[in-house]
Amino acid sequence: MLEKKSTLHHYFEQFPDHRISRNKKHLLSDIIILSILGVLCGAESWDSIEAFGKTKLGFLKGFLKLPHGIPSHDTINRVFSGLRPKLFEKMFVEWAGSLKNESIKKEVISIDGKSIRGSRDSFHSQSPIHMVSAWASSNELVLGQLKVSDKSNEITAIPLLLELLDIEGSIVTIDAMGTQVDIAQKIVENKADYILSVKGNQQELLDQIKGRFENQLPADADLAQEKGHGRIESRKCEVITDLTFIDNSISWASIKSVVRISSTREIGNKVTTEQRYYISSLNEKAAHFNSYIRLHWGVENKLHWSLDMIFNEDRQRKRTKNAADNFSYIRKIGLNLLKKDTSKGSLVTKRLKAGWDDKYLMQIFNQI
């Protein structure tokens with residue numbers, strides 16, 4: 001039993017409930033918190049959340065009101081379908097921000113998009129939901145997300161997401177889709193720095209950077225190497241800070257450096273090489289850039305991978321109204337809670353243990 005209410009109780013008990021009063025048998029906060037607990041224990045569908053609740057009814061009555069018992073799977077579906085995603089968005093950002101370790105002064109916040117493939121409805125010509133998320137690399141937390149209609153709309157969603165977040169003092173990393181003058185400006189306006197990937201969508205800028213690295217010695221360089229799992233990976237980072245060669249450098253807010261990463265991967269007798277280019281508002285050593293850019297891939301390896309492999313996100317077939325959008329927040333709340341738990345074990349093991357051990361479940365849920 002909870003000795004005190006968790007922060008999630010605090011947030012969801014203030015959540016506006018727009019249901020018609022005569023139809024409300026179950027409290028909104030009970031339904032949402034039941035769903036979070038169910039997801040922590042391995043539930044992934046409305047039916048499995050209902051089954052989890054009925055199996056754990058005596059335990060759940062210790063801290064949920066449940067005036068009419070456990071809601072049916074149809075009721076849970078209707079509630080999540082009808083909730084306004086904008087309210088979930090605001091609540092999630094505020095709650096996730098409260099989890100950050102304030103001793104981490106220079107956080108790398110990686111922004112990237114991901115489609116929830118199971119939300120596609122071919123019969124109704126409904127494209128899969130695409131989410132743009134912000135991942136705090138050192139805190140290992142999802143800080144926020146925004147739904148967009150398709151990947152191309154990430155360009156308009158990223159500034160809106162940045163406006164929601166407290167990014168002051170952080171380093172924002174974004175793949176080439178987000179390498180836009182307006183996005184760089186928004187990051188600087190919010191008192192943060194940026195490292196933006198440069199690819200073919202900024203062809204003129206890319207050609208200028210490539211040409212400069214071919215004709216000028218870098219101001220600084222660093223070589224990092226990692227070995228493991230039968231492979232050797234090397235990353236050479238080179239930095240140029242004299243940017244007079246960039247024709248439109250004045251357009252990129254506070255730009256101070258361009259970066260080239262030359263990566264080599266050896267697996268047995270197979271060797272692959274790749275070069276990537278970046279612009280940045282930072283003027284730092286190459287070793288720092290090597291580290292920051294490496295951290296960016298946490299949004300793929302620790303967020304997107306976990307959502308697919310641990311929470312089976314791409315297999316979820318929630319399609320009614322706002323259900324897929326809203327339930328994606330439940331999965332991310334679950335991921336943040338599991339990541340904050342410092343006990344040993346993989347995320348898969350922690351979910352299993354939470355289902356078996358009520359005391360451990362409450363340790364995860366009530367740790368904040």
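1. Let's start with the aromatic residues. Phe-12, Phe-15, Phe-88, Phe-92, Trp-95 and Tyr-329 come together as one aromatic cluster. Please keep in mind as you look around that this is a predicted model.

2. Phe-92 from that cluster also turns up among the contacts of Val-142, a residue of strand E3, which covers residues 141-148. Leaving aside residues up to four places away in sequence, Val-142 touches Phe-92, Ala-96, Ala-134, Trp-135, Leu-303, Lys-332, Leu-335 and Asn-336.

3. Is Val-142 buried or exposed? Its relative accessible area is 0%, so Val-142 counts as buried. If you would like a sense of distance from here, take Ile-187: the two residues are 45 apart in sequence, and their C-alpha atoms are 18 Å apart in space.

4. Back to the rings in general. How many aromatic pairs does the count come to? With ring centres within 6.5 Å as the rule, the count is 11 aromatic pairs. One of them joins Phe-213 and Tyr-277, with ring centres 6.1 Å apart and planes at 50 degrees, so this pair is tilted. The angle decides the label here because planes under 30 degrees apart would count as stacked and those over 60 as edge-to-face.

5. The Phe-213 and Tyr-277 pair is a nice one to find on screen, as it links distant parts of the chain. Phe-213 belongs to helix H9 (residues 203-215) and Tyr-277 to strand E9, with their positions 64 residues apart in sequence. Phe-213 has 5% relative accessibility and therefore counts as buried. Tyr-277 is buried too, at 6% relative accessibility.

6. Strand E9 (270-280) comes up again in the lining of the largest cavity. The structure holds 4 cavities of 30 Å³ or more, and the largest has a volume of about 100 Å³. Strand E4 (171-174), strand E5 (193-198), strand E9 and helix H10 (286-296) each supply at least two residues of its lining.

7. Which residues line the largest cavity? They are Thr-173, Ile-174, Asp-175, Ile-195, Ser-197, Lys-199, Arg-276, Tyr-278, Ile-293, His-296 and Trp-297. By character, this lining divides into 5 nonpolar, 3 polar and 3 charged residues.

8. One last item for your tour is a charge over a ring. The charged end of Lys-353 sits over the ring of Tyr-360, at 4.4 Å from the ring centre.

Note on methods: Residues are numbered from 1 along each chain as its sequence is written. This is a predicted model: local features need pLDDT of at least 70, side-chain atom pairs count only at pLDDT 80 or more; totals for chains, interfaces and linings use all residues. Side-chain values use heavy atoms; hydrogens and water are left out. On a 1 Å grid over the protein atoms alone, a cavity is a set of points where a 1.4 Å probe fits but cannot get out, and a pocket is an open set with protein on both sides within 12 Å along at least five of seven lines; lining residues have an atom within 4 Å of a point. Grid points are joined across faces, edges and corners, and a volume is the space filled by probe spheres set on the points. Helices (H or I, at least four residues) and strands (E, at least two) are DSSP runs, numbered from the N terminus. Ala, Val, Leu, Ile, Met, Phe, Trp, Tyr, Cys and Pro count as nonpolar, Asp, Glu, Lys and Arg as charged, and the others, Gly among them, as polar. Buried means under 20% relative accessible area, exposed over 50%, partly exposed in between (1.4 Å probe, protein chains only). Contact means heavy atoms within 4.5 Å. Rings of Phe, Tyr and Trp (its six-membered ring) pair if their centres lie within 6.5 Å; planes under 30 degrees apart count as stacked, over 60 as edge-to-face and the rest as tilted. A charge sits over a ring if NZ of Lys or CZ of Arg is within 6 Å of the ring centre and within 35 degrees of the ring normal.
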